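Dear colleague,

Please find below the structure that I am handing over to you. I would be grateful if you could look through it before reading the notes that come after it.

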Amino acid sequence: MAAGTRRLCWLIVCAALSGAPSIAQPPSAPLPAAATSAEQMTEAARALLATLSDAQRKAALLPLDAEERSHWSNVPYQAHHRPGVRLGDLDREALLRVHDLLRASLSSQGYQKVAGIIRLDDINRAQQLARLQPDATAYAKAQAASFGSGNYAVLVFGDPRTDARWGWLIQGHHLAVSFTVAEGKTAFLPMFVGATPLAVEENVETGWSALAQEVARGVELVRSLSESQRQIAVSEDEVPGDVLNGVGNKHRFTPAEGLAGSAMTPEQQRLLRALVEEYIGNADFDVADAQLAAIGAAGWDELTFSWRGPLTGDLAEPFYYRVQGPRLIIELRNSENHVHTVTRDPANDYGETWLALTYRETITAPERSAAARRAAE
């Protein structure tokens, strides 16, 4: 093709493109119903229920207002014998449908994190069993054996086969995610994810981590602060023993503290948003967009960031951070390559606002563990 002809073709293409409407749409643009998380989750939940036996289906289904919905826990199975159907009791077909439901409920990053946490718990189980001493107590032996993917459980609240409002919960050691569908809207909070080990240090999986970016985003933000900003953001209080807004704390959320988004530079505000997006992005795109819009409506400047512990991000040292605002609480607590995180929406956990229901959390994770230990003694 002659140079003049090629140039003419290129000009025609450019002119066509310049006059074409942009395909970019705002996050609020409507989606086809079949592409929404609510529709895809509903179809996947129906498929899962269809694979269960009558006894399993009875165990899996509870009313939407059942108290079990807010009695989730991240402690090992020995400390919290979870209601619902255990993954270890499901056949191949049902397990495939569980993963279909997870993929329908989460983004690709969220699904990989959840699947990674479950896989890490199998690694943790093997490590715990290998470390048992010959004279270990019966409780210690039962505790070690209670880790692992088989002890994760699924519950469905309401009935996705007939109801426009329903929810589901998957929980196990270091994992609890509560999903809500209400007339086409979807919520995915509260969400607890943790890992031990955070980074695998042995065998062929050395270096693998399911939650590395949660640590990195927080470290990046605190290191970007000036000395005067750190005086506000970095607390001299001790690193807490766990996240402070985990299960059992719904009606006693912490007050906001630390450095406000309005007191950050534009570059720091971008790091703050990246940190928030790391957690909110675990939900599928339409759900994440809606949650980010809610955070934005409440005000990004209203978010506060606080830190406790060394600023190095060394996984061998304990440290803690929290991001908090009217529509968001994020926490991360690390100690010795063992991390806990929780994400909550103070205004709509469990989809309460949409459902006109009030859920109560009545027992914390440490209280569960202590009660289990006392029962074993």
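The notes below set out what was found, beginning with helix packing and ending with backbone geometry. Please bear in mind throughout that this is a predicted model.

Helix packing

Two pairs of helices are described here. The first pair consists of helix α2, residues 37–51, and helix α4, residues 92–105, whose axes come within 8 Å and cross at roughly 170 degrees. Since angles over 145 degrees count as roughly antiparallel, α2 is therefore roughly antiparallel to α4. On the α2 side, the contact is made by Ser37, Gln40, Met41, Ala44, Ala45, Ala47, Leu48 and Thr51. The residues that α4 brings to this contact are Glu93, Ala94, Arg97, Val98, Asp100, Leu101, Ala104 and Ser105. Sorted by class, the contact of α2 with α4 holds nine nonpolar, four polar and three charged residues.

The second pair consists of helix α7, residues 212–224, and helix α9, residues 266–280, which pack at an angle of about 165 degrees with their axes 9 Å apart. By the cut-off of 145 degrees, α7 is thus roughly antiparallel to α9. The crossing of α7 past α9 is left-handed. From α7, the residues in the contact are Gln213, Glu214, Arg217, Gly218, Glu220, Leu221 and Ser224. From α9, they are Gln268, Leu271, Leu272, Ala274, Leu275, Glu278 and Tyr279. The contact of α7 with α9 comprises six nonpolar, four polar and four charged residues.

Nonpolar cores

In soluble globular proteins, nonpolar side chains tend to be buried together. In this model, the largest nonpolar core has 71 residues. Which residues have the most contacts inside this core? They are Trp168, Leu175, Val276, Phe305 and Val323. For valine 276, leaving aside neighbours within four places in sequence, the contacts are Leu292, Ile295, Trp300, Leu303, Val323, Leu328 and Ile330. Apart from the largest core lies another, of 20 residues, with Leu155, Ala176, Val342 and Tyr350 among them.

Residues in loops

Three loop residues may help you to find your way around the chain. Glutamine 78 is placed in the loop between β1 (61–62) and β2 (85–86). Its C-alpha atom is separated by 6.7 Å from that of alanine 142, although the two residues are 64 residues apart along the chain. Not counting residues up to four places away in sequence, glutamine 78 touches Tyr139, Ala142, Gln143, Ser146 and Ala372.

The loop between β8 (234–235) and β9 (259–260) contains threonine 254, and glycine 258 is placed in the loop between β8 and β9 as well. Is threonine 254 buried or exposed? Its relative accessible area is 14%, and residues under 20% count as buried, so threonine 254 is buried. Beyond residues up to four places away in sequence, threonine 254 touches Leu244, Asn245, Arg322 and Gln324.

Glycine 258, by contrast, has a relative accessible area of 28% and is partly exposed. With neighbours within four places in sequence left aside, glycine 258 is in contact with Ile232, Ala233, Thr304, Phe305 and Ser306. The C-alpha atoms of glycine 258 and glutamine 229 are separated by 9.1 Å, with their positions 29 residues apart along the chain.

Backbone geometry

Most residues other than glycine have a negative phi, and most peptide bonds are trans. Against that background, four sites deserve your attention.

Two of them are cis peptide bonds. One joins leucine 189 and proline 190, with omega about 5 degrees; proline 190 is in the loop between β6 (185–187) and β7 (191–195). Another joins threonine 196 and proline 197, with omega about 0 degrees; proline 197 is in the loop between β7 and α7.

The other two are residues with a positive phi. Glutamate 183 has a phi of about 50 degrees although it is not a glycine. Glutamate 183 lies in the loop between β5 (175–182) and β6 and is exposed, with a relative accessible area of 53%. For glutamate 336, phi is near 55 degrees, again a positive value in a residue other than glycine. Glutamate 336 is in the loop between β12 (328–334) and β13 (339–344), and its relative accessible area of 64% makes it exposed.

With kind regards

Notes: Residues are numbered from 1 along each chain as its sequence is written. This is a predicted model: local features need pLDDT of at least 70, side-chain atom pairs count only at pLDDT 80 or more; totals for chains, interfaces and linings use all residues. Side-chain values use heavy atoms; hydrogens and water are left out. Helices (H or I, at least four residues) and strands (E, at least two) are DSSP runs, numbered from the N terminus. Contact means heavy atoms within 4.5 Å. Axes are lines fitted to C-alpha atoms, for helices over the stretch in contact, and angles run from 0 to 180 degrees between N-to-C directions. Angles under 35 degrees count as roughly parallel, over 145 as roughly antiparallel, 65 to 115 as roughly perpendicular and the rest as oblique. A crossing is left-handed if the near helix is turned anticlockwise from the far one by less than a right angle, and right-handed if clockwise. Ala, Val, Leu, Ile, Met, Phe, Trp, Tyr, Cys and Pro count as nonpolar, Asp, Glu, Lys and Arg as charged, and the others, Gly among them, as polar. A nonpolar core is a set of buried Ala, Val, Leu, Ile, Met, Phe, Trp, Tyr and Cys residues joined through side-chain atoms within 4.5 Å. Buried means under 20% relative accessible area, exposed over 50%, partly exposed in between (1.4 Å probe, protein chains only).
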